[in-house]
There are 2 protein chains.
Amino acid sequence: MFFSKTCEYAIRAVLFIANRSEDAPKAGIQEIAQGIDSPGHFIAKILQVLVRNGLIQSTKGPNGGFYIDSQNRQYTLADIVKVVDGERLFKGCGLGLSQCSETKPCPLHESFKGIRQQIYETLTSTKIGEFNEALNQGLQYLKER
Amino acid sequence: MFFSKTCEYAIRAVLFIANRSEDAPKAGIQEIAQGIDSPGHFIAKILQVLVRNGLIQSTKGPNGGFYIDSQNRQYTLADIVKVVDGERLFKGCGLGLSQCSETKPCPLHESFKGIRQQIYETLTSTKIGEFNEALNQGLQYLKER
DNA sequence: TTATTAAGAGAGTTTAAAGTCTTTTATTGG
DNA sequence: CCAATAAAAGACTTTAAACTCTCTTAATAA
């Protein structure tokens, strides 16, 4: 809807890992791919980017996998979106004009300002660990089936 | 940001034609492409779809072109978006789950409900003719340069 | 110290959106 | 009726996102 498919997978994966990291230690790629119903190799690529940008941690080898330490649980959805989709959603023009601005606005500039603001506030105020309980209780889902 | 590129062009073209239709009669493809700074052949394809769906009118031949009659000036941005991008923006799940719903929600379902609603209200309440004055006065723009 | 495990890296393929080109059809002014 | 004009239609190409595959590197447990 607002995010690229890559970003949708990224958010779902991070919420999965954040939840996983509470009790059991590390989650492997197969487990993550299964847990959010995404293509294994594809989510692997995405996780590489998230690790490189410090949003999640990983270790190789036996008992290795992906996890999120206590520090990183403070990250928000906005952090993920910025890393994966860039600033497009927060700064881009609704009609695709690269020079759209306060002084040279497109017709939708004003209306979209409020919407953009609401999205920004929602994403910056949502921490990646805050869904753990609902997910564990089966009140919210990260995959279809 | 929210729309496909095709849809961005579509909205800009319709606003251009709506404005054009106030005084001078019909606008040709070259003129429209120039007026919104879009690829000529591409906007031609898009306009075909809009005509087929009754959002704008056209006539062929000398003095032909695209125009919007008084009836159709009542159409809103939401009508254009529905024709070009479908219901995705209004109904799709933020995390890409096809079965996301009130009873089986993704973690972002609740937060996104309000945002989606605000977008919907903005688009359904914005008529395609309402920017004519601002466009004519050079207060709003449909292209960069 | 080596076999095994699991992520990292990079190249390759597929698919869908974006954009182009050519031919056909409709309109109209002469 | 005919030539010119302009949109309609459809096939085609390009580009970028989505997705896959294979090989490498790091960690560890025996």
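Me: How many residues does the largest nonpolar core have, and which have the most contacts inside it?

Reply: A nonpolar core is a set of buried Ala, Val, Leu, Ile, Met, Phe, Trp, Tyr and Cys residues joined through side-chain atoms within 4.5 Å. Buried means under 20% relative accessible area, exposed over 50%, and partly exposed in between (1.4 Å probe, protein chains only). Here the largest such core has 90 residues, and A:Phe2 and B:Phe2 are those with the most contacts inside it. This is a predicted model, in which local features need pLDDT of at least 70 and side-chain atom pairs count only at pLDDT 80 or more, while totals for chains, interfaces and linings use all residues. Residues are numbered from 1 along each chain as its sequence is written, chains are lettered from A and ligands numbered from 1 in the order in which they are written, and side-chain values use heavy atoms, with hydrogens and water left out.

Me: Which residues is A:Phe2 in contact with, leaving aside its neighbours within four places in sequence?

Reply: Contact means heavy atoms within 4.5 Å. With those neighbours set aside, A:Phe2 is in contact with A:Arg88, A:Leu89 and A:Ile119 in chain A, and with B:Met1, B:Phe2, B:Leu89, B:Phe112, B:Ile115 and B:Ile119 in chain B.

Me: What rotation superposes chain B on chain A?

Reply: Two copies of a chain are related by a rotation about an axis and a shift along it. The copies are superposed by least squares on the C-alpha atoms of residues with pLDDT of at least 70 in both. For chain B on chain A the rotation is 180°, with 0.0 Å of shift along its axis and an RMSD of 0.0 Å. That is the relation of a two-fold axis. The C-alpha of B:Phe2 is the one nearest the axis in chain B, at 2.9 Å from it. Both copies use the same surface, since 100% of the contact residues of chain B recur in chain A.

Me: How many helices and strands are there in chain A?

Reply: Helices (H or I, at least four residues) and strands (E, at least two) are DSSP runs, numbered from the N terminus. Chain A has seven helices and two strands, in the order α-α-α-β-β-α-α-α-α from the N terminus on. The C-alpha atoms of the chain fill a box of roughly 55 × 30 × 30 Å along the principal axes. Of its 145 residues, 49% count as buried. Among contacts in chain A with a separation of 6 or more, 65% are between residues 24 or more positions apart.

Me: Is A:Ile80 buried or exposed?

Reply: A:Ile80 has a relative accessible area of 1%, so it is buried. Its place is in helix 4 (residues 77-85) of chain A. Not counting residues up to four places away in sequence, A:Ile80 touches A:Ala10, A:Ile11, A:Val14, A:Leu50, A:Leu55 and A:Ile128. A:Ile128 is 48 residues from A:Ile80 along the chain, with 9.3 Å between the two C-alpha atoms.

Me: Where is A:Asn63 found?

Reply: A:Asn63 sits in the loop between strand 1 and strand 2 of chain A. Its phi is near 65°, a positive value in a residue other than glycine. A:Asn63 is exposed, because its relative accessible area is 71%. B:Asp37, also not a glycine, has a positive phi of about 55°. B:Asp37 lies in the loop between helix 2 (29-36) and helix 3 of chain B and counts as partly exposed, at 31% relative accessibility.

Me: How many residues surround DNA strand D, and which are the closest?

Reply: A residue is near a strand or molecule if one of its heavy atoms lies within 4 Å of it. For DNA strand D there are 26, the closest being A:Lys5, A:Thr6, A:Pro39, B:Lys45 and B:Ser58. Helix 3 of chain B gives the largest share of this surface, four residues. Of the atoms of DNA strand D within 4 Å of the protein, 57% belong to sugar or phosphate and the rest to bases.

Me: Which part of DNA strand D is 2.4 Å from the side chain of B:Lys45?

Reply: A base nitrogen of DNA strand D is that far from an N or O atom of the B:Lys45 side chain. Phosphate oxygens of the strand lie 2.8 Å from a side-chain N or O atom of A:Thr6 and 2.8 Å from one of B:Ser58.

Me: Which residues come nearest to DNA strand C?

Reply: Of the 26 around it, A:Lys45, A:Ser58, B:Thr6, B:Pro39 and B:Pro62 do. Helix 3 of chain A supplies the largest share of the surface near DNA strand C, four residues. A side-chain N or O atom of A:Gln48 is 2.9 Å from a base nitrogen of this strand, whereas a polar side-chain atom of B:Lys60 is 3.1 Å from a sugar or linking oxygen.

Terms used: Polar contact = N/O pair within 3.5 Å; in protein donor to acceptor, adjacent residues only side chain to side chain.
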